[in-house]
Amino acid sequence: MAEEKPTLVRADALRQFCEDVFVSLGVERGDAHITADVLVAADLRGVDSHGVARLKRYVDGLKDGVMKVHPRAKTLVEMPATITIDADGGLGQPVSYRAMRTALDKAANVGAGFAAVRNSNHYGIAGYYAMMALERDMIGVCTTNSDVLVVPTFGRKALLGTNPIAVAVPCGRETAFVLDMATSTVPRGKIEVYDRLGKPMPEGWATDETGRNVTDATRVLKNLNTRAGGGLLPLGGEGELLSGYKGYGLALLVDILSAVLSGAAYSDLVYPKNAEGKPLPANLGHFFGAFRIDAFRPVDEFKRDMDDLVSRLKGAEKAEGATRIYIAGEKEHEKTLERQAQGIPLHPKVVAALTQIGSEQ
């Protein structure tokens, strides 16, 4: 069977399409633009799992009422360096964009700023918000909790999400350092690939309902869907030998900063359902931070040293068979430049799904 070829679509056209879809559902144009921009930014960076392929998720959520079309976000607590916002169950992207912008404004005034958000929904890639700091010569931090997929070390039931951490740091001539990582060994999407192929997964990715290592992708997904036990392993893998407890600790830290601090749902309280099994609002939490570099030292000196640090790493001796050493965010930056010039490749199934969404609006 011939491999299905992707369709190349210009980023601006894809962004406009998504924006128009949200507007057709009643979303305010500004919120629609932000949400569309976050989705397309993921595709540009090569994070296709969080790009426009997820548009249907948001469309269905808005149509079903699980996500509010016209949320009324409100400030709950505010101090010179901090703010806590209730997103009122709306799309995660607009409230997150504004929360990070507020954190940056506070940092501009007092040196550092932080924002916590509760009662929110999936907000796309964490790196988008951390990278907002780069335009203002600041360091940006962002975390969010997510749907329960990850088992704690020595546990047999998933109680944490893949809970990403993103940090963006400006450089001078070098590409900015942009760490955007899940705290699980792999995302759910990689398990789904092995399920479709009918192939055994590598050991160390997931556990079965007894809490033991398993290579059967179908079994893992079935257990996750029914919450029968088992799930993805934290970064590092099973037990203590490969330091899986470190990934578990990071995932828990994200839940604390994103959810406990903001008053959002945490652990397996996220994405609740009613007695009939109908989904209720997710009540996810997010955390945003920004630091003024010149609150510590001159920006040009910091960037000079960042360039030196990065160049030392990239110029180091390579392992046998390796040709290049990367820093976090470098591959995604190069992918963005490539896709901005050539277009974003969309799988035929994604094109079909987008076409279907467009025809229904």
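This is a short tour of a predicted model, stop by stop.

**Stop 1: the seven-strand sheet**

Start with the open sheet of seven strands. Trace the strands in the order β2-β3-β4-β11-β5-β6-β7. The pairing here is mixed. Now select residues 74-79 for β2 and 177-181 for β7. These are the edge strands, and each pairs on one side only. Look along the sheet to see the twist, which averages 10° from one strand to the next.

**Stop 2: inside that sheet**

Select β4, residues 112-120, together with β11, residues 284-292. The two strands run antiparallel, joined by seven bridges. Which residue of β11 is the bridge partner of G113? Pick A290 and you have found the partner.

Add helix α8, residues 244-260. Helix α8 packs on the sheet. It touches β4, β5 (138-144), β6 (165-169), β7 and β11. Compare directions: that of α8 makes about 95° with that of β5. Angles of 65 to 115 degrees count as roughly perpendicular.

**Stop 3: a pair of helices**

Next, select α1 (residues 11-24) and α3 (residues 55-64). Their axes come within 11 Å and cross at roughly 10°. Angles under 35 degrees count as roughly parallel, and α1 and α3 are therefore roughly parallel to each other.

Show the side chains where the helices meet. On the α1 side, pick F17, C18, V21 and F22. On the α3 side, pick L55, Y58, V59 and L62. What kinds of residues make up the contact of α1 with α3: nonpolar, polar or charged? The contact holds eight nonpolar residues, with no polar and no charged ones.

**Stop 4: the second largest pocket**

Keep α1 on screen. Add α2 (29-44), α4 (92-110), α5 (126-131) and α10 (330-342). Each of these five helices, α1 included, supplies at least two residues to the lining of the second largest pocket. The volume of this pocket is about 640 Å³.

In total, 27 residues line the pocket. To find the centre, select A41, R45, Y128, M131 and E135, which lie nearest to it. Colour the lining by residue type: 14 are nonpolar, five polar and eight charged.

**Stop 5: the three-strand sheet**

Move on to another open sheet, made of three strands. Their order is β9-β8-β10, and the pairing is antiparallel. At the edges are β9 (213-214) and β10 (231-232), each pairing on one side only. Select β8, residues 206-207, and follow its pairing with β10, which covers two bridges. A206 stands opposite L232 in β10.

**Stop 6: the enclosed space**

Finish with the cavity. How many cavities of 30 Å³ or more does a search of the whole structure find? The search finds one. About 70 Å³ of space lies in the largest cavity.

To see the walls, select V148, K157, A158, N223, L224, R227, A228, G229 and G230. This lining divides into four nonpolar, three polar and two charged residues.

Notes: Residues are numbered from 1 along each chain as its sequence is written. This is a predicted model: local features need pLDDT of at least 70, side-chain atom pairs count only at pLDDT 80 or more; totals for chains, interfaces and linings use all residues. Side-chain values use heavy atoms; hydrogens and water are left out. Axes are lines fitted to C-alpha atoms, for helices over the stretch in contact, and angles run from 0 to 180 degrees between N-to-C directions. Helices (H or I, at least four residues) and strands (E, at least two) are DSSP runs, numbered from the N terminus. Angles under 35 degrees count as roughly parallel, over 145 as roughly antiparallel, 65 to 115 as roughly perpendicular and the rest as oblique. Contact means heavy atoms within 4.5 Å. Ala, Val, Leu, Ile, Met, Phe, Trp, Tyr, Cys and Pro count as nonpolar, Asp, Glu, Lys and Arg as charged, and the others, Gly among them, as polar. Two strands pair if DSSP finds at least two bridges between them. On a 1 Å grid over the protein atoms alone, a cavity is a set of points where a 1.4 Å probe fits but cannot get out, and a pocket is an open set with protein on both sides within 12 Å along at least five of seven lines; lining residues have an atom within 4 Å of a point. Grid points are joined across faces, edges and corners, and a volume is the space filled by probe spheres set on the points.
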